[in-house]
Amino acid sequence: MGLQEKYTKNPNKNDEHQEEMNSSIGLSLEDQTNQNGDQADVVDHLKEVNKEQTEKPTKRAKYASAIWDANNRFLTYRSRELSKLKLDGMFKSRTSIMVDAANFSDFLGNVDRVLLECPIEVFEFDDHEICLSNIICNTNSHSISKETFKNGEIYVFKRCRKTPSYSEKRSFTHLAREMKILSLVGRHPNIVYGSGMTWYKSNPCLVLSYESDLTLRNFHKIRDANLVIIKSIIIGLTKAIAFLQDKRILHNMIVPENICLKYNGKIYIPVLVGFSHAIRRDSARTLTLYQQKQFDEFMHMPPEVRKGKVPPSAYSDIYAFTRILRGFMKYPSVQNVITYDMIQTLLDIPFGSELLIDFVSSFLNE
């Protein structure tokens with residue numbers, strides 16, 4: 001007879017066997033009940049401990065997150081304060097007041113005391129506010145990027161590229177001079193606006209308003225514009241040049257690459273950018289031999305200016321403007337409107353900003 005059959009045929013013997021085992025280890029029925037109750041208490045206690053341990057990481061994570069946020073705010077504030085101190089220190093230095101700026105090889109003007117007294121705004125922001133960064137262009141001396149902030153605002157950051165001949169102080173001086181020029185210019189719908197200077201990615205930066213990725217140079221390559229669009233571009237650019245003449249500021253680099261075009265759904269609005277070579281008219285001087293070689297390829301400058309015979313003047317920007325007009329003569333829609341005779345007349349007549357706008361508007365029938 002097997003063991004299973006034994007206990008199956010005599011079920012009462014199972015209980016007797018269990019009692020014998022309990023008696024052999026000294027456990028009464030009451031002790032067995034207490035033992036089962038203790039086991040239930042232990043299980044409940046373990047469940048509570050397990051639940052507490054499960055909740056603790058969440059609380060700990062929340063606490064750690066709060067500490068991280070506090071530290072991040074502190075570091076952000078500290079970084080911002082260090083940036084301000086860095087800029088303030090450079091503002092107060094000998095280089096920041098541009099005493100040495102006139103000695104730089106690519107500076108077109110003399111030391112300008114008006115610029116020395118012109119304040120510079122500091123553009124304050126947190127690095128983590130920038131969510132997207134795109135390089136617009138890189139030149140031999142500058143890097144220009146489009147920075148998109150989380151709140152939807154877009155700015156252009158312009159910083160000098162570090163080279164053996166471009167020290168940090170020299171880079172700051174060039175950007176500070178450009179920012180001061182833009183401060184004197186002020187706001188105009190056809191001129192880029194300077195929002196201030198800041199410190200970003202270990203470099204001093206000039207913060208500019210974002211206008212458009214489309215330049216007049218690219219526009220000539222991909223567009224077959226009608227007369228209405230061309231008129232809007234010419235009139236807007238004329239107003240920008242006239243505004244600068246009223247401010248006695250020379251741009252000195254009016255080329256298709258420095259004219260951005262914003263589309264408003266109907267026409268393109270030109271915006272003049274690129275004030276790195278701009279000066280006040282009173283501080284203009286003739287080009288040095290080095291500058292003559294450097295600017296010889298820029299045909300937008302009058303020959304007498306490029307050869308160092310006369311300093312840049314209001315005529316220089318008008319001459320560059322006529323070069324822009326010649327670029328539109330390839331369009332069939334304006335061949336009977338813009339002519340070489342009109343351009344020559346524009347160069348031969350010395351007039352002010354108001355006459356410039358009137359003259360251009362007259363031949364465009366605006």
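Here is a short chat about a predicted model, covering its sheet, its nonpolar cores and one histidine.

Biologist: Let's start with the open sheet: what is the order of its 5 strands?

Modeller: The pairing in this sheet is antiparallel. Its edge strands are β1 (130–138) and β4 (194–200), each pairing on one side only, and neighbouring strands are turned by 30 degrees against each other on average, ignoring direction. Reading across, the order is β1-β2-β3-β5-β4.

Biologist: Over how many bridges do β2 and β3 pair?

Modeller: β2 covers residues 142–149 and β3 covers residues 154–160, and they run in the antiparallel sense. Ser143 stands opposite Arg159, while Ile144 has Lys158 as its bridge partner. The total for the β2 and β3 pair is 7 bridges.

Biologist: And which residue takes a positive phi in the hairpin of β2 and β3?

Modeller: There are 4 residues between the two strands of that hairpin. The phi in question is near 95 degrees, and the residue is Gly152.

Biologist: Which residue in β5 is the bridge partner of Tyr155?

Modeller: β3 pairs with β5 (residues 203–209) too, in the antiparallel sense and over 4 bridges. β3 is mostly covered, with 6 of its 7 residues buried. As for Tyr155, its bridge partner in β5 is Ser209.

Biologist: On to the largest nonpolar core: which helix gives the most to it?

Modeller: That core has 63 residues, and Phe219, Ile234, Phe275, Phe328 and Ile338 have the most contacts inside it. It draws at least three residues from each of domain 1 (131–209) and domain 2 (214–365). With 11 residues, the helix giving the most is α7 (residues 227–246).

Biologist: Which residues does Ile234 touch, leaving out those up to four places away in sequence?

Modeller: Ile234 is one of the residues with the most contacts inside the largest core. Its partners beyond that sequence window are Phe321, Leu325, Phe328, Ile338, Val360 and Leu364.

Biologist: How many residues are in the second, separate core?

Modeller: Among its members are Leu250, Leu287, Met301 and Val305. The count for this second core is 10 residues.

Biologist: Last one: is His251 buried or exposed?

Modeller: His251 is in the loop between β6 (249–250) and β7 (259–263). Beyond four places in sequence, His251 touches residues including Leu244, Leu272, Phe275, His277 and Asp317, and a polar atom of its side chain lies 3.5 Å from the backbone nitrogen of Ile254. Because the relative accessible area of His251 is 0% and the cut-off is under 20%, His251 counts as buried.

Definitions and conventions. Residues are numbered from 1 along each chain as its sequence is written. This is a predicted model: local features need pLDDT of at least 70, side-chain atom pairs count only at pLDDT 80 or more; totals for chains, interfaces and linings use all residues. Side-chain values use heavy atoms; hydrogens and water are left out. Buried means under 20% relative accessible area, exposed over 50%, partly exposed in between (1.4 Å probe, protein chains only). A polar contact is a pair of N or O atoms within 3.5 Å; within protein, one must be able to donate a hydrogen and the other to accept it, and residues adjacent in sequence count only if both atoms are side-chain atoms. Contact means heavy atoms within 4.5 Å. A nonpolar core is a set of buried Ala, Val, Leu, Ile, Met, Phe, Trp, Tyr and Cys residues joined through side-chain atoms within 4.5 Å. Domain bounds come from an automatic or database domain assignment. Two strands pair if DSSP finds at least two bridges between them. Axes are lines fitted to C-alpha atoms, for helices over the stretch in contact, and angles run from 0 to 180 degrees between N-to-C directions.
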